[in-house]
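Let's take a relaxed walk through this protein chain, starting with the big picture and then zooming in. Keep the 3D view open as you read.

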Amino acid sequence: MNTLLRHKGWTWGFRTTILLYFVVLIVLPILGVYYNSFSLGFSNFAESISDPIAWKSVLLTLKLAVIATVINVLLGTMIAWVLIRYQFPGKALLNSLVDLPFALPTAVGGLMILLLLGPGSLIGGMAEALGFEIVFHQPAIVIAMVFVTFPFVIRAVQPLLEELDASEEEAAYTMGATRSRVFRQVILPSMAPGMIGGGMLAFSRALAEFGAVVLVAGNIPGRTLVSSVFIFGEVESDNPVGAAAVSIILLTLSFLILWLINMLQMRGRRV
């Protein structure tokens, strides 16, 4: 009996600790953002939301995040395919470098892009000679978003390719299917959940990126001012309500994306 009581007490304490951790680190900060948004009344919140500069920053962030996500889905799927299906020198090193954006501070990523593509660099100088500017313009923001979200699609697609039954491909080839048809009808459906889930995570992460973006964006409203930098500017300007209002938009979008990913995963398990 004493052993059972000790076991129940340990279980209760463990669950309580986890719940407190969740509440303190996730629930309370979210509630704090919503509280600050409406602290001065709904009219002030509506005014902050309807600010043209705020909306332009949100729409620009959405547009650039979509572009970065499409690039990540295409490149990430191809890289995952190469890492699983081919053997070549340096494969282990390349596989470990995939997670580098997770290990590096995002500001370091932004500095790398600035040094590589900035006006004083070789590539940046060549681009300027061709009349094409990268840093402090939208292409640099997309590159920064792609860099920080690079591993998501790769790591989501890799296990699906590893679990793919080779006998299904062999059966399709035996029945006379071409390589392109086997890819479309056998391989691609198996990779699709990873591509969709990884793409959604990459999109959600790109929406909130600040460290890499702030170093390479020009911060021009409507052209290079993204939401995260706008929020930082509002906080620096002592306008926490305006910052919280835009934060709610990003927070709601991220929550909906994560909820959709969870629903797709649950549906996949039922199937």
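Start with how the chain's contacts are spread: counting contacts between residues at least 6 apart in sequence, 74% join residues at least 24 apart. Keep in mind that what you're looking at is a predicted model.

What is the chain built from? It has 14 helices and zero strands. So much for the parts list; now the overall dimensions. The C-alpha atoms fill a box of roughly 80 × 70 × 30 Å along the principal axes. Of the 271 residues, 35% count as buried. The accessible surface comes to about 16,100 Å², and carbon and sulfur atoms account for 70% of that. As for charge, there are 16 positive and 15 negative ones, and their mean positions sit 12 Å apart.

Next, a look at the annotations. The unreviewed UniProt entry lists residues 12-35, 64-84, 96-116, 136-154 and 240-261 under "transmembrane region". Here is how two of those spans look in the model:

| Residues | Helix | Strand | Distance between end C-alpha atoms |
|---|---|---|---|
| 96-116 | 81% | 0% | 22 Å |
| 136-154 | 84% | 0% | 28 Å |

Now zoom in on Thr 106, which you'll find in helix H6 (residues 106-117). Is Thr 106 buried or exposed? It counts as partly exposed, because its relative accessibility is 22%, while buried would mean under 20%. Leaving aside neighbours within four places in sequence, Thr 106 is in contact with Val 148, Arg 205, Glu 209, Gly 211 and Ala 212. Phe 147 is 41 residues away from Thr 106 along the chain, yet their C-alpha atoms are separated by 9.0 Å.

On to the nonpolar cores. Which residues touch the most other members of the largest one? That core has 41 residues, and the answer is Leu 64, Ile 141, Met 145, Val 213 and Val 226. Several elements give two or more residues to this core, including helix H3 (52-85), H6, helix H8 (138-148) and helix H14 (240-270). The largest share, eight residues, comes from H14.

Try clicking on Val 213 to see some of this up close. Not counting residues up to four places away in sequence, Val 213 touches Ile 141, Ala 144, Val 226 and Val 229. Apart from the largest core lies another one, made of 15 residues, and Leu 83, Val 98, Val 182 and Met 195 are among them.

Note on methods:
Residues numbered from 1 in each chain as written. Predicted model: local features only at pLDDT ≥ 70, side-chain atom pairs only at ≥ 80, totals over all residues. Heavy atoms only, no water. Helix = DSSP H or I, 4+ residues; strand = E, 2+ residues; numbered from the N terminus. Buried < 20%, exposed > 50% of the residue type's maximum accessible area, 1.4 Å probe, protein only. Contact = heavy atoms within 4.5 Å. Areas by Shrake-Rupley, 256 points an atom, 1.4 Å probe, with all protein chains shown as cover. Lys, Arg positive; Asp, Glu negative; His and termini not counted. Charge placed at Lys NZ, Arg CZ, Asp CG, Glu CD. UniProt positions renumbered as here; feature names shortened; annotations may be inferred. Core = buried A, V, L, I, M, F, W, Y, C linked by side-chain atoms within 4.5 Å.
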